[in-house]
Structures are given as C-alpha cells and as structure tokens.
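Please work through the exercises below with the sequence and the coordinates open side by side. Each task is followed by a solution that proceeds in steps.

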Amino acid sequence: MFRALSLLCLILIFCFRVSAQTLFVTGLVNDVKGEPIENVNVVIKDLKGTTTNSQGIFRLRVSGEKEFLLVFSHVQFETKILPLNPMQINDTLRITLTERTTELEGVEVVTQNPVVNEVQSVVKIEAQTAKRLPSAFGDFNKILVTLPGVASNNELSSAYSVRGGNFDENLVYVNDIPVYRPFLSNAGQQEGLSFVNPDMVENIEFYAGGWEAKYGDKLSSSLNIEYQEPTSSGGGATLGFLGGSAYYGGSKGRFSHITGVRHKDSRYLLGTLKTQGQYFPTYSDIQSLLSFDLTNKNSTYINKTKLNVLLAYGRNRYMTLPVSQQTQFGSVQANFRLYTAFEGREILDYDTYQAGFRLTHRFTDKFRSHIIASGLFTYEREQYDVEGAYRLCDVNTNSSDRFDECVVVRAIGSNYDYGRNGLWANVYTIENRNEYLLSSNSVLEIGGGATFSNIQDEINEYSFVDSADYVQLTRTAFNDLDINSVQYFAYIQNTFTWADSMHAMTVGVRMNYWSYNDELLISPRLAYLFAPKWKLPTTFKLSIGMYQQPPFYRELRNYDGKVQRDVYAQKSIHYIGSFSRVFYMWGRPFLFNSDVYYKQLFDLIPYDLDNVRLRYNPDKQASGYATGFDFRINGEFIKGVESWFSLGLMSTKENLRDDYYDQYFDVDGEEIPTSELPFTDVADTSRTYIGHLRRPTDQRIHLAVNFEDHMPNDPTLRINLSLVFGSGYPFGPPRSVRYRNVFSGDEYYRVDIGLSKHFIRKDKTFHSIIVRAEMLNALGADNTLSYTWIEDVYGNNFAIPNSLSARFLNLKVSTEF
C-alpha cells in the first residue's frame, strides 16, 4: 500500500513533459520481492545520472529525441541496461533487479546480505514493534530495554544505561537533531515520557558502542530516530487508563506534515506503590515534523533541496502528598517492619521547548550537504518539604498469639527533607554535515559545528535524621550557579569498500573543544567489516575508537552544590568484536548477533545512583573498565511477526584515586567505631586502600524477551509479551568510603502481557479499531528500586527497600483513520 501511494504521488507530481526537447524520466526500482531498493545508480550511459531514494524512486532529466541506454547498477544486484526512446515515455518506469549471485565450487552464493550494509554494529527496529510493546505508559525507550546490554530497573522511568554506563551517557537524535532529558527529576514517578513519540517514528537505529565519528561526544550509546514524512493523509488515537495519544499526518504537493500529542496520567499506577498518599502526576507534549521539498522544478534530482522542521513542547506537573508507608523485609529467622507516617508535599514542574531544522541540498550527484540547527529552552522547578516519623521493629514469625506483630521496637525517629530548587537552561546547536562520493566504493564525510549553552541553577536543600537519640545532618547543598560555555566540534571520516564487496572500513576522527575548561579532545575511530561469500550471510565486525564526554552540568556539581572548574572529560576506549549470521528455521530467516566488548575507562567522575538521580563527585577521579558479551536472536518465531531473545553478561568496576579508609584500634586490638573515637584511647591505626569496586550500574546478567503471537486462524487476535530480568545493582551506605557498593541489591524481574483484538472496517472513516488489555507486572514481582538506611539503638544499620509498582490491569482502545 505504501509503495502504491508513493507511486501515485510520483505520477501526480513528476510525470509530465516540459517540452519537446526536455523531458523527465521517472521510475520505481524494486527487487524480485517487490521491495524498493535505495541507492541504485541510474545513469544515461556515458552521460549523467542519479540515484534512487529510500522509496526506490528516481527522476532524471533527458534531452533530445534520440534513443539512449539507461543503466541501473547496485553492488548487491545484477546490472540492468534498458534502451529508451524519449518520445515514447508516457508512464513511470517499473524496474526489477535480481540479486547478484556467484558460483563457488558448485554452491550458489547470494550476495545480498541483510547484515552487511552497516560497517558498525547497529540494531535496527521496526517502528510498529515499538508501538505494540506492552508497557506502563507506552514509552518508546522500553523497547530499548529488551536489547542486550541495555539496563533499566525502573518501569516508571524512561532512563536507561548501556553496557555499564549511566543515564547521562546516551546520545539521542531525531532527524539528526539532538534532544535532551530533564535535569532535576530524582524519582521515576516524577518523570514524563521520553522525547521520542512512537506514533511518529519511521526508522530506528541503536548503537550500543562503536558508532561513527560524525555522531557526538558521549561514552555509552547513540540512538538515531527518523520521523515519518507521510505521503497520504491519515492518523490515529489511543485512550487508556494511564493516558492517551493521537497523531495526524498528510501531504500536499511538496509539503508533508505529521503531528503527535501525548498525555500521561499515572495516578492509578502510583496508587499501587507502598507509599500511600495522594498523587497528582500529569505530563503532556506535542510534536510536529514539517517537511518541505524546495527542489527546483527543472532539477534532475528528486528532493535536491529539502527542509525538515521539528517543533516540540513538553509540560510536566507532578505533586504528591505522602501519608504513610509500611515495609516488611528480612528473612524467616529475622523479620523486620518499618512503618512511616509522612507530612508535607513534593512538587516537580517543568516546561521544555525544543525546536530544530535540517536543510539538505544535493549540489551534484556526488556531493550533498546538510545544515542542522536546534534550540532547547527548559525551566524546571522542584519543591519538597516532607517529614517522616518512623518506627522499626522485630516481627514475630513464630506460631503464637502475636504472630506477625511487632514485638521489639528497634528504632524510633524521624527524617526531614527540604528543597527549593530551580533550573533554567538554554542550549543552541548549529552544525554542517557534508557527504562526498569519491568513487563508487568510497564516501568522504566531513562536518563541524558549535553548541552554545547557558545554565542557571538555584540550589537550596538539606536533610537530617533524628535517630537513636541524636540528630544527624545528612545532606546540605546551597548555591546559585550561572554557567556559560561554548563547545566546538568537527569530524572527518571515510567509508570505503573493496571491489569484491567482502570488506568495508570506516576510518574517522572527531575533535571537540570546550571553552569552560579549555580542553581539546581528539577521538580517532575505526570500524572494519568482513562479509565472506558463504552460503548463509555472515559478517565479522571490529570496532576500535576513543569516546570522550565533556562535562555538561551535573558532572561539575559536587554533593554540596559547589561547582568545580578543573573538571575534564571522561574518556573511554571501545574494543568491540561482532559476529552476525543469518540462519533458517521452519523455512524462515533468523538473525543471530553476538558482541564481545571491552571498554577501558579513565578520567571518570565517580557518582552514586539515588533512584534516577545521579549525584556526581567531581572532587575525585577514577579509572575503570566494562567488559561483557551480548547475544540476540530475532526473526519470525511466529510467521508474520518479529520477536527476539536477548542476553547480556557484563561486569564494570572503577578504582578511585587515593581512595582509602582509616581504622583505629584500642589496646586490646579491637576496632573502635568512628562515633566512639572522641571517648576512647587509640592504640594503633591502619590505612587500607580500597582498589576496584563495582560501579553503580554494574548489572551482571540481563535477560530480555520481546515476543509476539497471534491465533493461527485469526491474526486479528494477538498477544505481546515483554519479559525483563536483571541482576541487582550494587549499593551501600550513603557517603561511606569503606562500604561503597559492597552489597548486591535484589534482582529485577518483570513480565508485561498485552492481549489485543483488531477490528478491520473497510470503507469506513475509522478503518481499524484495536481493543487492548495489558497486564502490567503480571507476576506481581515486588521489585526494589533503592534503599533507605536507618540506624537502631544498638548501632546496627538497616537498608530498607523501596519497592516499585505492583500488578496493574490497563485497558486501551486505539483507532486508525
């Protein structure tokens, strides 16, 4: 249907004769399966030519009335030569190319390889798959968590970490325009939705490491999204218990547009949390992509000059009035219960405006240039004033009259949290990217730009605990910040393939200079691909590169809110080896991908993970590593729908410079607790250097499944399953050098199931209606997000688990028109 609509628009717009001497040849190039082929060279023999676009369409101007030869060539297909008489061209050409084959020792080898197109190791996901994934809010980022090496232990948050990195180390581009996540959110329930709107997505590319030099300066990953450019009018809407969305797109002549709105209201889901109270969380956003074809009517190229404009506004309003919380933890032999009564409220508001454009112009058939500009303005306000009075007791687990009751009170106290924070941020980026075809086997890319940022931050927060007969101030931060900086960047890279199409290589280097600390960064990157001509398509890939991330904002601020000026870029060298192979089961192709990687980390800024807030310590530096294996199998386990299974094994550790703790001993050789030092004579001391410790996002095992099925005789009745299992993150007492990240948290496991029925209505305004029921957290897992530390009257410290959402049934109704 999509190709038919594209062909119809092509006929209406381009198929006409300019004069008896100047004509245009237009056409559509497909493979034998009817799929459009991109980047086919279409050349008038010995004269000029063009290439097909992503829809397989080409347009070429011809002159004169003599017959000529039109040559169609592509590295993966047999060359086709078509004789044409200009005076007899009355319709759009339909060209079919066959796959190029080679006879090798009696075995036929097909050179078309679904995994040979990218030199780097990249995952491509169908946009519809992301929309069908069952999740709490239909957030796009949840599809990423089903990939190997991507971790998130919080279904309420859109944040994710990749191969041992943190939430701030991921690049996100929409139509080559960089987008940003909120700055002040400190809990998943406070967040809105991720920027990417699933209703508007056309293409998805995800790099878990080893990406090209033309993409920016982060340590962990790059997500590249392309929004749709509709060729016909249409839209849809979804309404459920947790919010809704709607989108509409269309085209007219040389202009196309798509607009999407979303609304999230999570109060029903937050009602399943163990912290009881009144929740008022809402988030709404609207996004539009406007596309203009500015090509001159007499041009020989389709989309010679093209303009994309992206506009977005997001509004978040979160308020909660906590009332009480009851948490039971421990074991059968030693079971404890914490009861907390709250008074106060929490507020988080933010308004974010993002806009950008991408102007593309093809000067010749070999040279194309892009100008990309974007701007971000955000205002965020965080206010909280909450006091919690708690009681910790032993729970009777013996069979008696007082079974499951508190029998011994271990601690009574209160904690108080106060904050009045505000942040204003303006970020503007201008960039130029250029692509030049040096030959049929070599492409040179070069570009550069600058980012101008201004961040103003007002910090006023403190916390204290009244426990075990004393008051302890646990946190203070007061400061007013105003940071202005300019970041300049440039890159150059060359991708070339061998004549046998078995080898390809991308070599590039990226430069970055930041005015704030006068640091110049040079990041060389190399990727190599070997695709032997075996019976089953197979590739081997190797990527080596330097990735350096200058501090943006939070990395500069220490625990007390003070800004450190002598903070420099965190650095990582990626070593990645990849193996991909297509194999067949049940007569259908499947793709097996595996990566082995080692990331050497240095000049790290240590941080602690508190819910979804990252608290950096720029006063210290660290070195470390991340290493692991990723495996993924995807294909049509059920005919007609794609599913996949992912497994990631990983270990990441860091070693802080000059990180040690001192121990004090009395005359009997017993260690003296720090709290008793003023009252005890010290007979001996010792200093212990800590060495390598687990990083806060060290998730050793990550298993994920995205599975789709339908009834054999009724494909309109479908079931979608999302399964995620992750081993626990490390944790330890706050601000403790000796016990930092020495404990392992509870594992995270979650199963979300969606059952949907599609009603097809022919010749109706609403031609499709979908009724969907989703059982979220179907197994009722009591997953732990973080831990609160409390000390009892005996000096013992307890880590109190804070749990996530419980089982929840969500209903949705969707329609398309």
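The exercises that follow concern a predicted model, and they go from the whole chain to single residues.

**Exercise 1. Determine whether the radius of gyration of the protein chain agrees with that of a compact globule.**

Step 1. The protein chain has 817 residues, for which a compact globule would have a radius of gyration near 28 Å.
Step 2. The value for the protein chain is 30 Å, which agrees with that expectation.
Step 3. For the extents, the C-alpha trace spans about 105 × 60 × 55 Å along its principal axes.
Step 4. Buried residues account for 52% of the 817 residues, while the area that the chain exposes is about 36300 Å², with 55% of it supplied by carbon and sulfur atoms.
Step 5. Of the contacts between residues at least 6 apart in sequence, 66% join residues that are at least 24 apart.

**Exercise 2. State how many helices and strands the protein chain has, and then explain which strands stand at the edges of the open sheet that contains β10 and β14.**

Step 1. The protein chain contains three helices and 47 strands.
Step 2. The sheet in question is open and has five strands, in the order β10-β15-β16-β13-β14, with mixed pairing.
Step 3. Because β10 (123-125) and β14 (177-178) each have a single partner strand, they stand at the edges, and one side of each is left without a neighbour in the sheet.
Step 4. Within this sheet, β15 (residues 201-207) and β16 (residues 221-227) pair in the antiparallel sense over six bridges, and Ile 204 stands opposite Ile 225 in β16.

**Exercise 3. Follow the pairing of strand β20 with β19 and with β21, and give a residue pair for each.**

Step 1. Strands of a sheet pair through backbone hydrogen bonds, either parallel or antiparallel.
Step 2. Strand β19 (residues 255-265) pairs with strand β20 (residues 275-293) in the antiparallel sense, over 11 bridges; here the bridge partner of Lys 264 is Tyr 283 in β20.
Step 3. The pairing of β20 with strand β21 (residues 305-330) is antiparallel and runs over 19 bridges, and in it Ser 288 stands opposite Leu 311 in β21.

**Exercise 4. Locate the salt bridges made by Asp 199, Glu 708 and Asp 595, and decide which parts of the chain they link.**

Step 1. A search of the whole structure finds 40 salt bridges.
Step 2. One of them joins the side chains of Asp 199 and Lys 131, at 3.2 Å from N to O. Since Asp 199 lies in the loop between β14 and β15 and Lys 131 in helix α2 (residues 127-132), the pair ties together parts that are 68 residues apart in sequence. Asp 199 counts as buried because its relative accessibility is 10%, whereas Lys 131, at 27%, counts as partly exposed.
Step 3. Arg 132 forms a salt bridge with Glu 708, the closest N and O atoms being 3.0 Å apart. This pair links helix α2, where Arg 132 lies, with strand β39 (residues 701-711), where Glu 708 lies, 576 residues apart. Glu 708 has 3% relative accessibility and therefore counts as buried.
Step 4. The side chains of Asp 595 and Arg 163 meet in a salt bridge of 3.0 Å, N to O. Asp 595 is in strand β31 (residues 588-604) and Arg 163 is in the loop between β12 (161-162) and β13 (170-174), so that distant parts of the chain, 432 residues apart, are linked. Both Asp 595 and Arg 163 are buried.
Step 5. A network of salt bridges links Asp 176, Glu 226, Arg 358, Glu 431 and Arg 433.**Exercise 5. Classify Phe 357 and Leu 649 as buried, partly exposed or exposed, and describe their surroundings.**

Step 1. Phe 357 is found in strand β22 (residues 335-362) and, at 32% relative accessibility, counts as partly exposed.
Step 2. Together with Ile 371, Tyr 428, Ile 430, Phe 452 and Tyr 488, Phe 357 makes a nonpolar surface patch of about 530 Å².
Step 3. Leu 649 lies in strand β35 (residues 641-656) and, with a relative accessibility of 34%, also counts as partly exposed.
Step 4. Leaving aside neighbours within four places in sequence, Leu 649 is in contact with Tyr 597, Thr 627, Gly 628, Phe 629, Asp 630, Arg 700 and Ile 701.
Step 5. The C-alpha atoms of Leu 649 and Asp 394 are separated by 38 Å, the two residues being 255 residues apart along the chain.

How values were computed
Residues are numbered from 1 along each chain as its sequence is written. This is a predicted model: local features need pLDDT of at least 70, side-chain atom pairs count only at pLDDT 80 or more; totals for chains, interfaces and linings use all residues. Side-chain values use heavy atoms; hydrogens and water are left out. Patches are made of residues with over 30% relative accessible area and no salt bridge: like charges are joined within 9 Å, nonpolar side chains (Val, Leu, Ile, Met, Phe, Trp, Tyr) within 5 Å. Accessible areas come from the Shrake-Rupley method with a 1.4 Å probe; for residues, only the protein chains shown count as cover. A salt bridge is a side-chain nitrogen of Lys or Arg within 4 Å of a carboxyl oxygen of Asp or Glu. Helices (H or I, at least four residues) and strands (E, at least two) are DSSP runs, numbered from the N terminus. Buried means under 20% relative accessible area, exposed over 50%, partly exposed in between (1.4 Å probe, protein chains only). Two strands pair if DSSP finds at least two bridges between them. The radius of gyration is taken over C-alpha atoms; the globule rule is 2.2 Å times the number of residues to the power 0.38. Contact means heavy atoms within 4.5 Å.
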